[in-house]
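Please read the following walk through one part of a structure with the sequence and the coordinates open beside the text. It begins at a helix surface and then moves outward along the chain.

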Amino acid sequence: MPVFTIDAPEGASPDAKRKMLKEITEALDGAYRIPDTRGWVREYPAENVSQDGRVGADPVRPVCTLEAPELYRLDAKREVVRKIEAAITGAYKGIADTAEVLVLINEYPLHNVGWRGSLQSDKPEIVAAVTQANG
């Protein structure tokens with residue numbers, strides 16, 4: 001089950017954020033094929049963001065942190081990154097520096113993720129989904 005967090009400046013409309021969350025979820029569902037994708041948006045006022053040691057000097061550059069199972073296919077990762085960047089740009093264009101979106105992909109082997117009282121590596125449906133995603 002992939003989870004993601006978007007760190008961005010304040011200012012996107014609720015509709016823009018809903019659309020962004022939906023698009024990112026669809027991108028992750030297409031790549032990983034595991035149900036229960038979760039996403040959060042954390043927004044910050046400009047005075048609470050430092051970039052290169054400067055506060056409020058430049059438009060904030062959004063960051064998406066993705067926590068997900070291992071995905072070996074680089075083409076699938078590239079597509080996920082492209083779709084995440086496009087979704088964030090759609091929500092924050094004119095509010096943030098969307099030419100500088102950073103996507104951090106933290107991958108976990110299934111034996112390092114607990115879910116529903118056991119490890120994901122113990123769940124045949126999860127193992128099958130990750131095997132298919134990496135096929």
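In this predicted model, the face of helix α1 that is turned away from its buried side carries a set of exposed residues, namely Pro14, Asp15, Arg18, Lys19 and Lys22. The helix itself covers residues 14-32, and its 19 residues reach 27 Å from the first C-alpha to the last, close to the 27 Å expected at 1.5 Å a residue.

The residues of α1 that are buried are Ala16, Met20, Ile24, Ala27, Leu28, Ala31 and Tyr32. When one looks down the axis of α1, these buried residues fall within an arc of 110 degrees, so they line one face of the helix. As for what that face meets, the buried residues of α1 pack against three strands, β1 (3-9), β2 (38-44) and β5 (63-69), as well as against the helices α2 (74-92) and α3 (124-133).

Two of those strands also belong with α1 in a supersecondary arrangement, since β1, α1 and β2 make a right-handed β-α-β unit. Within this unit β1 and β2 run parallel and are joined by 7 bridges, and one of the pairings can be followed by residue: isoleucine 6 has valine 41, in β2, as its bridge partner.

The connection that leaves the helix deserves a closer look at its backbone angles. Just after α1, arginine 33 takes a positive phi of about 60 degrees, and aspartate 36, which lies in the loop between α1 and β2, has a phi near 75 degrees, again a positive value in a residue other than glycine. With a relative accessibility of 33%, aspartate 36 counts as partly exposed. A further positive phi, of about 55 degrees, occurs at aspartate 52, although this residue is not a glycine either. Aspartate 52 is placed in the loop between β3 (50-51) and β4 (54-55), and because its relative accessibility is 62%, over the 50% cut-off, it counts as exposed.

The last stop is β5, one of the strands against which the buried residues of α1 pack. Is threonine 65, whose place is in this strand, buried or exposed? Its relative accessible area is 18%, and because the limit for a buried residue is under 20%, threonine 65 is buried. Leaving aside residues up to four places away in sequence, threonine 65 touches Val3, Phe4 and Thr5, together with Leu104 and Asn106.

Technical notes: Residues are numbered from 1 along each chain as its sequence is written. This is a predicted model: local features need pLDDT of at least 70, side-chain atom pairs count only at pLDDT 80 or more; totals for chains, interfaces and linings use all residues. Side-chain values use heavy atoms; hydrogens and water are left out. Helices (H or I, at least four residues) and strands (E, at least two) are DSSP runs, numbered from the N terminus. The expected span of a helix is 1.5 Å times one less than its number of residues. Buried means under 20% relative accessible area, exposed over 50%, partly exposed in between (1.4 Å probe, protein chains only). The arc is that of the directions from the helix axis to the C-beta atoms. Contact means heavy atoms within 4.5 Å. Two strands pair if DSSP finds at least two bridges between them. A crossover is right-handed if, with the strands pointing away from the viewer, the path from the first strand over the helix to the second runs clockwise.
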